[in-house]
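Open the model in your viewer and keep the selection panel at hand. The stops below follow one after another.

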Amino acid sequence: MELLNKVCYLGDDDATRAAAYLCGVMTNKGIDFDRVDSGFAPADDFLSKRYALYVLSDYAAASFKPGQLEHIVDAVKKGSGLLMLGGWESYYGRLGEYRDTPLAEILPVVMASSDDRRNYSSPVLLRPVVDSHPIVDGLPWSTAPGVGGFNAFEAKEGAQVLLEGVRTETTWLRPVGKLGAPLDSSDATVKLLESFPFLVVDSVGEGRVAAFASDVAPHWIGGMVDWGVPRVFQELPAKLGDGLFIEVGRDYAQFFAQLLRWTGRL
């Protein structure tokens, strides 16, 4: 079997749309990858390769051919990594995408038994619940990056929760302002309503697995896509299309790079 020190990234439409974000981050950070666009099955030689990391993001389980999900499970047990990112076709999603598939065995979370999508107008703030881990170290979590949507799940027994998402509610106590008037922080309140496991990791056999509840691209990732300065501008490889690029926050790009590198030992 051919062993590849690169990422197999499946889903998020194509590089002209949502997939541009993670493709851009990986290009910027020097992480090699292959792409499988949404609506397409992995190639026929998928079973003859073992990638360092498989990333599934908003990719329909029905797109896999027979034996391909089992191949991912076997690859992880032999030392590959598996990262699932959130989306309408991740975890349970709208239609129960992965709950009854072989990946349920190795993902570090217990998926819901019904629609697990959550969307909120006030930001869901993220913060670490561990003192240190290679995925979250070195990032300015005090600036509280916020997301708008995610898949709800529970951590499996023995898995490690690295991030929690905290749902907020913002209320204007004086809902009508005056343009140009001095701002008064007492005019508004922010309540912390409830928290959820948001990034969960574990080991399976010789490999690593990770589950991140939100997407890597708008709209679910919300303001986190602009987390950190200076901004990162990155053109995408020409093989993905002409004139494609991303412009994102530095800490957003660094977080996802650290998530990929730890999970895939890249």
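**Strands, a loop, helices, cysteines**

Select Asp202 together with Val209: the latter, in β11, is the bridge partner of Asp202. Bear in mind throughout that this is a predicted model.

Extend the selection to strand β10, residues 188-204, and keep β11 on display. The two strands run antiparallel and are joined by six bridges. They form a hairpin, with two residues between them. Click on Gly205 in that turn; its phi is positive, at about 60 degrees.

Now show β11 alone, residues 207-212. Is this strand mostly covered or mostly exposed? It is mostly covered, as six of its six residues are buried. Colour the two faces separately to see how this is arranged. Gly207, Val209 and Ala211 lie on one side, while Arg208, Ala210 and Phe212 lie on the other. Both faces are covered.

Add β4, residues 81-85. β4 pairs with β11 in the parallel sense, over four bridges. To find a bridge, select Met84, whose partner in β11 is Ala211.

Step back to Ser80, in the loop between α2 (68-77) and β4. Its relative accessible area is 0%, so Ser80 is buried. What is Ser80 in contact with, apart from its neighbours within four places in sequence? Select Arg50, Tyr51, Ala52, Tyr54 and Ala75, then Gly207 and Arg208, to show these contacts. Gly207 and Arg208 also belong to the β11 faces visited above.

Next, hide the strands and show helix α1 (residues 19-28) with helix α4 (residues 250-264). The helices pack at an angle of about 80 degrees, and their axes are 10 Å apart. α1 is therefore roughly perpendicular to α4. Display the side chains where the helices meet: Tyr21, Leu22, Val25 and Met26 from α1, against Tyr252, Ala253, Phe256, Ala257 and Leu260 from α4. Sorted by class, this contact has nine nonpolar residues, no polar ones and no charged ones.

Finish with the cysteines. How many disulfides are there? The count is zero, with a cut-off of 2.5 Å between sulfur atoms. Select Cys8, which is in no disulfide; its nearest cysteine sulfur is that of Cys23, 11 Å away. Then select Cys23: its closest cysteine sulfur is in Cys8, and 11 Å is too far for a bond. Cys8 has 2% relative accessibility and so counts as buried. Cys23, at 0% relative accessibility, also counts as buried.

Notes:
Residues are numbered from 1 along each chain as its sequence is written. This is a predicted model: local features need pLDDT of at least 70, side-chain atom pairs count only at pLDDT 80 or more; totals for chains, interfaces and linings use all residues. Side-chain values use heavy atoms; hydrogens and water are left out. Axes are lines fitted to C-alpha atoms, for helices over the stretch in contact, and angles run from 0 to 180 degrees between N-to-C directions. Angles under 35 degrees count as roughly parallel, over 145 as roughly antiparallel, 65 to 115 as roughly perpendicular and the rest as oblique. Contact means heavy atoms within 4.5 Å. Ala, Val, Leu, Ile, Met, Phe, Trp, Tyr, Cys and Pro count as nonpolar, Asp, Glu, Lys and Arg as charged, and the others, Gly among them, as polar. Buried means under 20% relative accessible area, exposed over 50%, partly exposed in between (1.4 Å probe, protein chains only). Two strands pair if DSSP finds at least two bridges between them.
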